[in-house]
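Reader: I would like a close look at how the side chains pack inside this chain, followed from one place to the next with the supporting distances and angles. Please begin with a single residue and its contacts, and then work outward.

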Amino acid sequence: MKRPNLKVEAAGQPQTWMGVNFWSRAGGPLMWRHYDGEIVSQELDQMREHGMTVTRSFLYWPDFHPEPDRLDEEMLRRYRDFLDRHQALGMQTIPTFLVGHMSGQNWDPVWRDGRDLFDDVWFVARQAWYVREITARFKDHPAIAGWLLTNEVPIYGAWRSRGNSDLDPDVIISWSQLLIDAVRAGGGTQPVSVGEGAWGVEITGRDNGFRVRDIAALVDFLGPHVYRMETDQSRQFLGAAFICEMLHRSGKPVVMEEFGLTSDYTSDENAAHYYRQLLHHTLLAGSTGWLAWNNADYDDLYAQAPYTHRPFEQHFGLIDRHLQPKPQALEMRDFRALLDRIDGAQLTRPDSQIAFVVTAYLDNQYPFTDVSDGPTAAATLMQAYVSARHAGLPVGFIREADGVSWKPGTVRDLDAGVQHRYASADEPMDVGAGLPDDATLYLIPSTKHLTSPTWVRLGELAAAGKTIYASYFLGTHSNQRGPWWPTMHELFGVKKLTRYGLVDVIEDDTVEFTFTQDFGGIAAGTTLSWRAAGTENSRAYLPVELDGAEVVAVDAHGRPALLRHHLGEGQTILCTYPIEHMAAVSAAVNPDSTAVLYAALAAEADVLPDLRVDSTDVVLGEMEHADGARYVWLINMTDEETTATPAGASLVTLDGDSVGQVTLAPFGVEVLKRA
């Protein structure tokens with residue numbers, strides 16, 4: 001299975017954008033009113049000294065577009081000076097046009113007068129005119145690296161348009177098309193994207209109208225904005241990488257358009273750890289650009305909105321109030337130095353034979369399903385991805401919705417005021433080709449439902465020699481509580497012993513699997529354990545009796561916990577406990593035993609990577625240079641110094657010295673090379 005590592009290109013050359021989202025400390029969002037070119041040059045020079053040569057800049061909409069048919073010429077003159085100062089330092093910027101939302105505050109042009117941002121024809125025309133005219137002014141400037149339509153417009157657009165209700169995806173994609181066309185009509189040839197944050201239903205399970213699948217068809221790159229609140233350290237470090245992996249199926253390059261943290265929430269040391277981990281993990285997940293939020297602290301702007309009522313927003317900067325670099329600025333510098341040393345623009349990720357199957361119930365709100373199903377699937381997939389990375393496995397994602405989809409249809413739920421897309425009786429499901437066969441191991445973690453054609457397809461894949469793993473899960477609610485697995489008996493070689501309308505409660509606080517036979521490097525007699533968790537609906541196991549399957553492991557009560565069924569040329573593996581879901585709703589849980597189980601599954605499917613480390617505390621990753629060199633990452637996921645012993649291949653340092661044991665600092669990263 002191909003794991004995309006697409007690059008943003010300009011003039012036919014791959015780009016690696018390394019930089020910041022930029023507001024001058026002299027004014028913040030109001031910097032254009034108080035523009036000080038000398039301060040801007042100092043700020044840019046300090047960014048360049050730390051390896052950052054691209055900024056994302058913001059045209060504060062109320063200032064640049066004061067009347068429907070007029071641009072503010074003084075603001076444009078100041079912006080041109082801003083561009084000239086970039087050029088003088090060998091830097092570039094990505095202008096953002098419609099800046100109505102910023103740092104927890106929304107602002108309108110004074111003439112908006114409550115008009116809908118997306119479907120008021122006159123107002124959309126004014127936006128397109130504004131975008132076209134500004135593009136035409138600056139399209140030939142060497143400092144322009146790309147264009148962004150907006151900043152986090154799902155927040156801004158819903159603010160006055162529809163309150164908290166969902167936005168219509170058909171209107172959203174039409175609006176996006178018109179504004180991108182305006183960039184091209186203005187002569188802009190550089191890469192363009194929307195700036196919406198990649199918060200669409202395909203990533204979060206919540207439909208905000210900005211569907212990644214639709215947007216990807218229009219833009220040149222996708223730009224996630226990631227500011228996660230978590231209860232588990234590994235999920236926090238790997239969360240942005242998970243989003244990058246999920247976005248890659250769109251076929252467009254991924255740029256970390258926004259990420260960062262406020263110093264009000266963390267120590268300097270832990271801020272540096274977060275930056276270091278996020279940068280390296282997202283590189284391994286295929287990101288080709290990093291724009292941190294943001295360049296400076298804003299202590300002097302304490303009396304200016306939004307900092308008056310969101311004081312923590314003052315301290316996201318890489319440079320503090322005393323003009324000193326914070327530790328996270330040094331992490332950006334060191335990461336850029338590494339990329340330069342190993343020629344990061346020419347790195348690609350090796351292919352993988354291991355794929356997570358992403359349920360179509362994440363992408364779609366099917367009729368009479370629960371709105372919590374999508375977010376639950378997203379959380380479970382993230383946890384499963386974290387376990388796979390702790391296992392040292394290179395993984396990709398196969399979206400069920402890419403192969404099985406409903407033909408377009410729209411029905412409005414009058415109670416909720418939400419539009420759902422699904423088929424009517426005369427619009428049958430388009431089965432399509434189903435899941436592709438370019439993986440060897442298919443992982444279906446704690447998944448309540450896939451569509452019926454996919455279950456049939458999984459049986460075909462197993463019969464053709466693939467390994468299919470699935471773990472039981474009832475969902476978190478009582479709406480049609482049960483596994484929507486119509487082929488369970490024949491696919492997994494079992495008969496379920498469940499009772500209608502009831503759950504088989506996991507009563508133990510710790511779930512134990514004791515292996516009754518050797519399995520993928522796990523010796524018979526070994527016991528793995530998991531922390532039990534879940535709701536009154538989801539904390540449940542699947543009681544079964546054998547009907548062709550064999551028991552691989554039993555629980556503490558002697559019941560089948562892991563079973564194998566040989567089917568044609570392949571095999572299916574059934575886990576009767578929702579182990580990934582239990583971890584997903586638990587705090588401080590990683591790495592758990594799922595990492596050990598996933599490594600064993602890979603071994604059983606004969607897709608275990610040749611290079612391994614001896615601890616699930618260390619994440620291993622690889623990238624390949626165009627010249628054939630292969631670089632190896634060892635990433636310590638713990639807050640203690642850790643020693644790792646790579647096995648399966650000879651490694652050397654970047655200076656060519658042989659490597660045996662590797663000592664990693666707390667949350668440290670070591671980059672090596674295959675000999």
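Author: Leaving aside neighbours within four places in sequence, V171 is in contact with F118 and D119. The model is a predicted one, and every value below should be read with that in mind. V171 has its place in helix α6, and its C-alpha lies 24 Å from that of F368, a residue 197 positions away in sequence.

The same helix can be followed to an aromatic residue. W175 also lies in α6, which spans residues 169-185, while F210 sits in the loop between α7 (201-204) and α8 (212-216), so their pairing ties together parts that are 35 residues apart in sequence. With ring centres 6.3 Å apart and planes at 85°, the rings of W175 and F210 form an edge-to-face pair, and both residues are buried.

A further edge-to-face pair joins Y361 and W484, whose ring centres are 6.0 Å apart and whose planes stand at 85°. Here the parts linked are distant in the chain, since Y361 belongs to helix α12 (residues 360-363) and W484 to the loop between β21 (467-471) and α16 (488-492), with 123 residues separating them. Are the two partners buried or partly exposed? Y361 counts as buried because its relative accessibility is 11%, under the 20% limit, whereas W484, with a relative accessible area of 28%, is partly exposed.

These pairs are among the 42 aromatic pairs that the structure holds. Elsewhere, one aromatic cluster is made up of F22, W32, Y35, F64, Y79, F82 and F138, and a charged residue meets a ring where R559 lies over the face of Y541, at 4.1 Å from the ring centre.

W32 leads from that cluster to the nonpolar interior, for it is named with W23, Y130, F513, F515 and W633 as having the most contacts inside the largest nonpolar core, which has 162 residues. Helix α9 (residues 233-248) gives the most to this core, contributing nine residues. A second core, separate from it, has 29 residues and includes I398, I468, M488 and A540.

F515 connects the core to the strands. Not counting residues up to four places away in sequence, F515 touches ten partners by name: I522, A523, A524, G525, T526, L528, V552, A553, L562 and L597. One of these, A553 in β26, stands opposite F515, and the strands concerned, β23 (residues 510-515) and β26 (residues 550-554), pair in the antiparallel sense over two bridges. On its way onward, β26 also pairs with β27 (residues 560-567), again in the antiparallel sense, over four bridges, with E550 opposite R564 in β27. Five residues separate β26 and β27 in the hairpin that they form, and G558 in the turn has a positive phi of about 80°.

A last place to examine is H101, in the short run of strand β6 (residues 101-102). H101 is buried, its relative accessible area being 5%. A polar atom of the H101 side chain lies 3.4 Å from the backbone oxygen of Q105, and, apart from neighbours within four places in sequence, H101 is in contact with N106, N151, E152, I155 and Y156.

Definitions and conventions
Residues numbered from 1 in each chain as written. Predicted model: local features only at pLDDT ≥ 70, side-chain atom pairs only at ≥ 80, totals over all residues. Heavy atoms only, no water. Core = buried A, V, L, I, M, F, W, Y, C linked by side-chain atoms within 4.5 Å. Buried < 20%, exposed > 50% of the residue type's maximum accessible area, 1.4 Å probe, protein only. Contact = heavy atoms within 4.5 Å. Pairing = 2+ DSSP bridges. Polar contact = N/O pair within 3.5 Å; in protein donor to acceptor, adjacent residues only side chain to side chain. Phe/Tyr/Trp six-rings, centres within 6.5 Å; stacked < 30°, edge-to-face > 60°. Lys NZ or Arg CZ within 6 Å of the ring centre and 35° of its normal.
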